[in-house]
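I opened this notebook page to record what I looked up in one structure. The entries follow the order in which I consulted the model.

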Amino acid sequence: MTTVHGSTRREFLAAGASGVAGAALFAACRRPRDAGEGASETGTLVTRTLGRTGLKVPIVSIGSAYEPGLVSAALDAGLTYVHTSGSYADQNHERMLNRVFRGRPRESFLVGSSPDFPEYRVEGGGLSEDLGTRADASTIAPFCEGSLQRLGVAHLDLYFLASINDPATVLHEPYIKAYEDLKRAGKIRFAGIATHRNEPAVIRAAVKSGFWDVVLTAFNFRQSHREEVRAAIHEAAEAGVGIIAMKTQAGVYWDPLRLRQIDMKAALRWVLRDEHVHSTVPAFSNHDELEEDLAVARDPALRTEEERGLRQGEAAGLTGLYCQQCGACVPQCPARADVPALMRAHMYAVGHGRPHHARHVLRGWTPADIPCTNCSSCGVRCALGFDVRDRALAVAGVLDAQPARG
Ligand code: SF4
Ligand code: SF4
């Protein structure tokens, strides 16, 4: 069984049970996975219509699952949408999916991807930026062709313009035209944008464009601005935009030592309680976690005790690992360290147990590019209370352990 640091979600819950102070607060997390939920084992998967695409999709989709057997099991269980990117695992995620898709009728699954623009690469530790309007739109078609070849499919159901923070990027005509051309050529069915920073403004720009069919957005119970994100999601869904939520598990753990795991089912149900969210791409890395997410897909009603449990980490003074990318830290750092990128990398490395993904966020960086490695005191006050320097040094250790690829 594939694990994160050798343990499954449930084993981590058990580890939490043997913890010290505050263990009682996490009782909801430790309850038997299926207690009182017998119907969820055999019920049908709840589906919603992905906005004006008309695609009827289960409320849980397949995000960053990296094993062919796990993706196959998820498809066999009835999940249909598989999300990938040209940037995942140096294009190897798409190649892995090719093996999964072989032999399956094309109409039995939906797949979406996104280009991996070199403009995302950050030189020398400077402040990372939105894709912006600098990328050469003529490269979008070749990126798409590459994804089609690696995936072994003739068309993509969804094709996202990813890492969008700025409404101007969403409205940039050359990008829209490139996506229109792909649609016309039958290479993609629907166009989307993906955002995990400044989400409300980006989502509203997608509505304003009248072009983008789907928005993939960060949305979870830990976001300070979650109600703003929710309001934008409502507006977009009412306008016919399909909504897929990511980062639903909010960094997975309450603490960097991974002793306290967030109640993953509760976190997913918190997102899905909003019917304007049409589907989600929760991370699952083993079959136990897939089963948990399937149980939610069959029975998404958030229990009162689960909702209460989602607040108990904060009540215990824990900050979690999810960086909401608000940028409040950036002007506080004299060295202008790219704290949001560092904390995002930290979340992937520690919360999700995916150091490779963390290195991908900081492509081209070495520990020397992190100003915190030469800074003895940190006056930065993170909006969520992170010890920024501590976490940045942990990220430096991740970069040290294996140089960034690509
Ligand atoms: S580190 Fe904290 S202040 Fe900075 S972007 Fe993340 S959540 Fe916001
Ligand atoms: S330790 Fe804090 S103040 Fe120093 S470079 Fe890092 S973020 Fe900036």
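Entry 1, a helix pair. I began with helix α5 (residues 92-101) and helix α6 (residues 140-151), which pack at an angle of about 45° with their axes 7 Å apart. That angle makes α5 oblique to α6, because the oblique class leaves out angles under 35 degrees, over 145 and from 65 to 115. I then listed the residues that make the contact: α5 contributes E94, R95, L97, N98 and F101, and α6 contributes S147, Q149, R150 and L151. Sorted by class, this contact has three nonpolar, three polar and three charged residues. I note that the model is a predicted one.

Entry 2, the chain as a whole. I counted 17 helices and nine strands in the protein chain. Of its 406 residues, 59% are buried. I also looked up contacts between residues at least 6 apart in sequence, and 75% of these join residues at least 24 apart.

Entry 3, helix α9. Which residues of helix α9 (residues 199-209) are buried? I found E199, P200, V202, I203, A205 and A206 to be buried. The cover over the buried residues of α9 includes α7 (167-170), β6 (188-195), β7 (214-218) and α10 (226-238). Just after α9, I noted that G210 takes a positive phi of about 70°.

Entry 4, positive phi outside glycine. N198 lies in the loop between β6 and α9. Its phi is near 55°, a positive value in a residue other than glycine. I recorded N198 as partly exposed, since its relative accessible area is 38%, and the partly exposed class lies between 20% and 50%. S163 is a residue other than glycine with a positive phi, here near 60°. I located S163 in the loop between β5 (156-161) and α7.

Entry 5, ligand 2. What surrounds ligand 2? I listed C333, P334, V339, P371, C372, C375, S377, C378, V380, V388 and R389 around the ligand. By class, this shell has nine nonpolar, one polar and one charged residues. I looked up the accessibility of two cysteines in the shell: C375 is partly exposed, with a relative accessible area of 32%, and C378 is partly exposed at 31%.

Entry 6, disulfides. How many disulfides does the count give? With a cut-off of 2.5 Å between cysteine sulfur atoms, I recorded zero disulfides.

Notes
Residues numbered from 1 in each chain as written. Chains lettered and ligands numbered in written order. Predicted model: local features only at pLDDT ≥ 70, side-chain atom pairs only at ≥ 80, totals over all residues. Heavy atoms only, no water. Axes fitted to C-alpha atoms, helices over the stretch in contact; angles between N-to-C directions. Helix = DSSP H or I, 4+ residues; strand = E, 2+ residues; numbered from the N terminus. Contact = heavy atoms within 4.5 Å. Nonpolar A, V, L, I, M, F, W, Y, C, P; charged D, E, K, R; others polar. Near = heavy atom within 4 Å. Buried < 20%, exposed > 50% of the residue type's maximum accessible area, 1.4 Å probe, protein only.
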